[in-house]
Each structure stands twice: as structure tokens, then as C-alpha cells.
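Me: I should like to go through the sheets, the helix packing and the internal space of this protein. Please reason briefly before each reply.

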Amino acid sequence: MNSSEESAVSAMSAGRSAMRMGPAELVQAAAMARRFYLEGKSKIQIAEEFGVSRFKVARVLETALERDLVRIEIRVPAELDAERSDALRARYGLRHAVVVESPAPTDEIDESPDPENLGEVAAGLLGELVNEGDVLGLAWGRSTIHMAAALDALPPCTVVQLTGVYDAGTAERGSVEAVRRAAQVSGGEAHPIYAPMLLPDPATAAALRNQTGIARAFEYFDKVTVAAVSIGSWEPGISTVHDMLSDEERAHYASLGVAAEMSAHLFDAEGRRVGRDLGERCITVEADRLRRIPEVVAIAGGQRKAAAIDAVLRSGLVTSLVTDTAAADQLLVAGPAPRPALNRADPDGN
């Protein structure tokens, strides 16, 4: 069929769409729609079966949609917001962005950490991302702990702890337990780190890094293929590092413009690292190593964390994000769009 014939078919289609379909046409349209949408047959296969042209098949399928014989619905679980997820992925150039519904608002000021359902959704995402033989890295964070607790299936993989321990009343389900839990689910090896995240001075931290068990875990850092991390704002109860420091130290780092922390690394609003001296006192994966990990999933939500999430996404250390609608709404209107996260570019140019 040449172009003029195709134009004629289009014109006929437009004219017929305004006409009432008879019973035979309705039955045929329903049959063709079933073949195409439910049985997965091509338009050419359907045309051969019914003895018509593929252009007529296309016209009938179009009419079936117009006449409401066929209804196409894109449905995801109620707790997932597909539209915000796609918008967030596009804005930051992420590999994956998953936005879940925020908890119902209350009259009280929200002082809670990340909602537990973020961890549950992140557990499902991790099940998609981890392949057999991978090395999974877990950094400390309430959301990563919730994620590990929610894991019910993982391919065989090695699991390594990326940061030291922060004991704030979560010892029974802390980062060591999260690593053990993930390894148990996957059937792989576990490499926990039995050391505090923050030490009094660089010398003590260096000595601990050389201890056999900790050094063995550090050897796996360059082998990590998928990592899960948390993000904190520079506020009490919302940042692990903030809560571990003295008032004087908090004031010092605040004066440097810190807006966010992730795995004991501090960032300003543009995603640049500040207060690098703090890392010398910490047991944690280095930022350069994080940048080389193929997939780094950040798990953080809530309106109070939106600015911190924006800062970390601008750092080039994260490739994917699990967050909630409260944070997403803030992120989608936050300042100029950053460079794509998948560039993994360091804002400092280092």
C-alpha cells in the first residue's frame, strides 16, 4: 500500500470512528483486541487470521480504544507513586528512583526518622539489582536496617559492612545484624565491622583499620558492586554524625556549610564535600571508593531531609534513590537541575 492509500485508510478510520459499530464489528473488534493485548499476537498475525490488512487491524484496535471496548490501565501498588518516581529519575539523571507514599500527616511535628516502608521498598529494589556473585555493601542507617529486616530473597552474594557501628539504642538490630541478616537471606559470606563509626582521634581510627577483621572487610570495598546507604540532615536525630559530635564540633562543621551527611561524609548544598578531616576519625568507606561502586542506592525520605537528599544526589556518589512523596515534592522544585547522577562527577573536580 502506497502513501496515498495509507492516507485514504486514515481518513476512512477517522470517518468510521464517528459511526456506530454493528454487532459483527463489535465482536470482531473484541476478538482482535484479545489477540493483540492478551495473547500478544502481532498485527500481521491477526491480519492473516482474519483475512484483512494489517492497516485494518490497526484501525479496529484504535476504534476499540475510542469506543471503550478496551481499557488500558497502568497500575502499580498503591504505595508507589509512578509519576513522581519517573519525574525524579529524569530530573537527577538517576538509574532508578522509587517514590513511596508518605505516612498520613498528623497535627504533631514530624520528628521521626525515615518511614519504615522505605526500607521495605528498598528491599524489593535490592532483590532486583543484586545478581549472583555480587558483593553487597551496607552502610549504617535506620533505613538500611529496616531494609535488611525486610529482605526475603537475595541471590547468593557476599555482604560487607561499609561503616562502623553507631549504637543509639539499636544494638539488637544494628548494622552488624543487618549484614548478618542479608548474608543469611542470600546464603553468602558476611563481613561485619566490630568497631565504632567515630573514634576520638585519627590515630585510634588508623589502628582499628589495621586490625585483622576490619582490614578484611576493607579489602572488599573495591569489590562492592551494589551498595545501600542512608542520608542525614545536619540536625539532631536526623544525622548519625551530628548526634555523635560535641556541641563545639557541630558548630564548627555547621560553619563550613554542611547540609547533609552520608556514611560519615559531609556535604554542602551543592554536593561538595566539606569537613574532610572528620573522615580521618571514622571507620567508613572512602568517598572515592563509593564513587567507583557501579550501583549506590540511597534510602531517605521526609520533608526535613529533602535538602540533604538534594545535596547528596549532586555529589555524584549515588546512582539510585528510594524516597517518599514528601521529599520528592521538595526535590522536584529545588533549584537548577543538577548534572546527571550517572556521570558520577565530583563537584570538587577531584
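Me: How many bridges join strand β7 to strand β8?
Reply: The model is predicted: local features need pLDDT of at least 70, side-chain atom pairs count only at pLDDT 80 or more, and totals for chains, interfaces and linings use all residues. Residues are numbered from 1 along each chain as its sequence is written, and side-chain values use heavy atoms, with hydrogens and water left out. Strands (E, at least two residues) and helices (H or I, at least four) are DSSP runs numbered from the N terminus, and two strands pair if DSSP finds at least two bridges between them. Residues 260-262 form β7 and residues 265-267 form β8; they run antiparallel, and the number of bridges is three.

Me: Which residue of β8 is the bridge partner of M262?
Reply: M262 belongs to β7, which spans residues 260-262. Its bridge partner in β8 is H265.

Me: Which strands stand at the edges of the sheet that contains β6, β7, β8 and β9?
Reply: This open sheet has the order β6-β7-β8-β9, with antiparallel pairing. Two of its strands have a single partner each, so one side of each is left without a neighbour in the sheet; these are β6 (232-233) and β9 (273-274).

Me: At what angle to β7 does helix α14 run?
Reply: Axes are lines fitted to C-alpha atoms, for helices over the stretch in contact, and angles run from 0 to 180 degrees between N-to-C directions. Helix α14 (residues 306-313) lies across β6, β7 and β8, and its angle to β7 is about 60°.

Me: Which strands are at the edges of the seven-stranded sheet?
Reply: The seven strands form an open sheet with parallel pairing, in the order β1-β11-β10-β5-β2-β3-β4. Each edge strand pairs on one side only, and the two are β1 (96-100) and β4 (190-191).

Me: Which residue of β4 stands opposite V160?
Reply: Strand β3 (residues 158-161) pairs with β4 in the parallel sense over two bridges. Opposite V160 stands H191.

Me: Is α2 roughly parallel or roughly perpendicular to α4?
Reply: The axes of α2 (residues 23-38) and α4 (residues 54-66) come within 9 Å and cross at roughly 100°. Angles of 65 to 115 degrees count as roughly perpendicular, under 35 as roughly parallel, over 145 as roughly antiparallel and the rest as oblique. The crossing therefore makes α2, relative to α4, roughly perpendicular.

Me: What volume lies in the largest cavity, and which residues are closest to its centre?
Reply: A cavity is a set of points on a 1 Å grid over the protein atoms alone where a 1.4 Å probe fits but cannot get out, and lining residues have an atom within 4 Å of a point. The volume is the space filled by probe spheres set on the points, which are joined across faces, edges and corners. The largest cavity holds about 170 Å³. Of its 20 lining residues, the closest to the centre are W140, G141, S230, T240 and E261.

Notes:
Contact means heavy atoms within 4.5 Å. On a 1 Å grid over the protein atoms alone, a cavity is a set of points where a 1.4 Å probe fits but cannot get out, and a pocket is an open set with protein on both sides within 12 Å along at least five of seven lines; lining residues have an atom within 4 Å of a point.
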